[in-house]
Amino acid sequence: MKLKSIASLALAALFGVTAVFAADSAKPNIIFILADDIGYGDWSCYGATKVKTPNLDRLAAQGRRFTDAHSPSAVCTPTRYAFMTGEYAWRKPGTGILPGTAALIIEPGRVTVPSLLKQAGYITGVVGKWHLGLGATSPTDYNGEIKPGPLEIGFDYAWLLPATGDRTPCVWVENHRVVGLDPADPIKLDYTVQRGQPGSFVNGIPRIGKQTGGKTALWKDDEIADLLTKKAVAFIEKNKTKPFFLYFATHDIHVPRVPAPRFKGASQAGVRGDVIQEFDWSVGEVMAALDRLKLADNTLLIVTSDNGGVLDTNGPDSFNSGTVETNNGHLHNGPLRAGKGSPYEGGTRVPFIVRWPGHVQTGTSDALICHVDMLAAAAALTGQKLAVEAGPDSFNVLPALLGEKRDKPCRDHLVEHGNVLALRKGTWKFVPAAPVGKGKKGKTRKPTAAELYNLDDDIAETKNVADQHPEIVKEMTTLLRALREKGRSRP
Ligand code: CA
């Protein structure tokens, strides 16, 4: 009898502890890993065979893999702007691909993913590629206190690659300062110098914009992935006892593609494949840290990409770093049409995996979701109501992320932002006719006809059925115009 009651007491204590954990799990840690330029077909769990991604495959098996997730834009800066603010970047002029001298494009004080989570008691950190501008005015002065930046829009901690790997300055910024800068050797940037021109080389690699000075602060290209991963894991370790939000934006696999020596030749798809495997390693290190710290069960982990894949040969091993030949049959955007920069599916449909053991239903999902929705999803997850003006294009896709059954989809349409705005609704994909105008070289551009695809049986967008469905073309033309004019799409 006595033993039995001790056992029930112990059980009760156990359940008590469980209840505490259950209450805590209402505020899971959130890690959003954003790869750069990784395409829909780049991971083995999305069909790749010449590139192996065991960690991402394991994550997909433990979580939910999305087949119709989209980056908010087909290029870097606007995707990051939209993820952070919940607003389509094409609504706001000045949110195109930024030089390393651009001022911050998100106004301090507005609701962002980090500021919203900070409001809910989270410690917030960003590690990796920023590319949203730094400082109050352009050109950014990297030699003093650099602000406003991430710390002014909701982050508690920042370790940044300021613009892109192929743009100057090639230095790290921690919070408000360049790391390791010698004041006697100030950084000067000249963005009239194009990539490949004399003066554009840093560490022997051509960059956009010339950098002089800052020699003691230069990053080492083949150590970028190692260093960023180390910083991401350190942030997790430091904040293991609090709810935290980590935005880990890798440089992989943007150009210049310079893997750490141990990844050289690791894949069967050239250097481009090698850096995908390096990215997979980084994700694996984050997963291992969560396991080691016993945080995996209480962490919502998302891994995705900022736009579709692209072939580009910039880097020290240029002839081996991103051509049809070096891809060796690897289809970086899988079955999709086009890639980075394009309004076709290859531009914005990206791999997307979410894991939160015991909360996210395992399996695959064909729900239409977008990174612009992360703000509303984060608000729902932390029990906050978004102000009417906040996140004007952010839909609460939390039920889709968790795999809850719903009668209606979380979002039934999406504007796809390539070099023109395209529209998704149901199984239809609409690319409006491009207006006649002057092209880049001053030549008059040929008018193009409106395009309509039924993705249900034409995922590769090869059969334009606009002529067969004039009523759908009309409906989608009207909807796209309304979404533009209204200034918001969230109900
Ligand atoms: Ca990108």
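This is a dialogue on how to read several features of a predicted model.

Reader: I would like to begin with the metal: which protein atoms are the donors of the calcium ion, and how far from it do they lie?

Author: The donors are Asp36 (OD), Asp37 (OD), Cys76 (SG), Asp306 (OD), Asp306 (OD) and Asn307 (OD1), and they lie 2.2 to 2.7 Å from the calcium ion. Along the chain these donors follow the spacing D-D-x38-C-x229-D-N. The pair of aspartate 37 and asparagine 307 links distant parts of the chain, 270 residues apart, with aspartate 37 in the loop between strand 1 (29–35) and helix 2 (54–62) and asparagine 307 in the loop between strand 13 (299–305) and helix 7 (324–327).

Reader: What geometry does the site of the calcium ion have?

Author: The site is irregular, with angles of 51 to 153° among its six donor atoms.

Reader: Are the donor residues aspartate 37, asparagine 307 and cysteine 76 buried or exposed?

Author: Aspartate 37 counts as buried because its relative accessible area is 2%, and the cut-off for that word is under 20%. Asparagine 307 is buried too, at 0%, and so is cysteine 76, at 2%.

Reader: Turning to the cysteines, how many disulfides are there?

Author: In general, a disulfide is a covalent bond between the sulfur atoms of two cysteines. The count for this model is zero disulfides. Cysteine 370 shows the reasoning, because its sulfur is 13 Å from the closest cysteine sulfur, in cysteine 410, and that is too far for a bond, the cut-off being 2.5 Å. Cysteine 370 is itself buried, with a relative accessible area of 1%.

Reader: With strands, I would look at both the pairing and the covering; which strands pair with strand 4?

Author: Strand 4 (residues 123–129) runs parallel to strand 12 (residues 244–249), to which six bridges join it, and parallel to strand 5 (residues 157–161), to which it is joined by five bridges. Glycine 128 illustrates both pairings, since its bridge partner in strand 12 is alanine 249, while in strand 5 it stands opposite leucine 160. Strand 4 is also mostly covered, with six of its seven residues buried.

Reader: How is strand 19 covered, and on which faces?

Author: Both faces of strand 19 (residues 428–431) are covered, with Trp428 and Phe430 buried on one side and Lys429 and Val431 buried on the other. Three bridges pair strand 19 with strand 18 (residues 421–425) in the antiparallel sense, and lysine 425 stands opposite tryptophan 428. These two strands form a hairpin with two residues between them, where glycine 426 in the turn has a positive phi of about 60°. Strand 19 also runs antiparallel to strand 20, with four bridges joining them, and there valine 431 stands opposite glutamate 451.

Reader: Which residues have the most contacts inside the largest nonpolar core?

Author: They are Met84, Trp130, Phe245, Tyr247, Phe352 and Leu401, in a core of 59 residues. Helix 9 (residues 374–381) gives the largest share of this core, seven residues. Apart from this core lies another, of 44 residues, among them Trp159, Trp172, Leu228 and Ile276. As for tyrosine 247, its contacts beyond neighbours within four places in sequence include Phe32, Arg80, Met84, Val126 and Phe155.

Reader: Finally, where is alanine 460 found?

Author: Alanine 460 is in the loop between strand 20 (451–454) and helix 11 (470–486), and it counts as partly exposed because its relative accessibility is 26%. Leaving aside neighbours within four places in sequence, alanine 460 is in contact with Pro335 and Arg337.

Technical notes
Residues numbered from 1 in each chain as written. Predicted model: local features only at pLDDT ≥ 70, side-chain atom pairs only at ≥ 80, totals over all residues. Heavy atoms only, no water. Buried < 20%, exposed > 50% of the residue type's maximum accessible area, 1.4 Å probe, protein only. Pairing = 2+ DSSP bridges. Donors = N, O, S within 2.8 Å, 3.2 Å for Na, K, Ca; no water. Tetrahedral: all angles 85-135°; square planar, octahedral: opposite > 155°, others 65-115°. Core = buried A, V, L, I, M, F, W, Y, C linked by side-chain atoms within 4.5 Å. Contact = heavy atoms within 4.5 Å.
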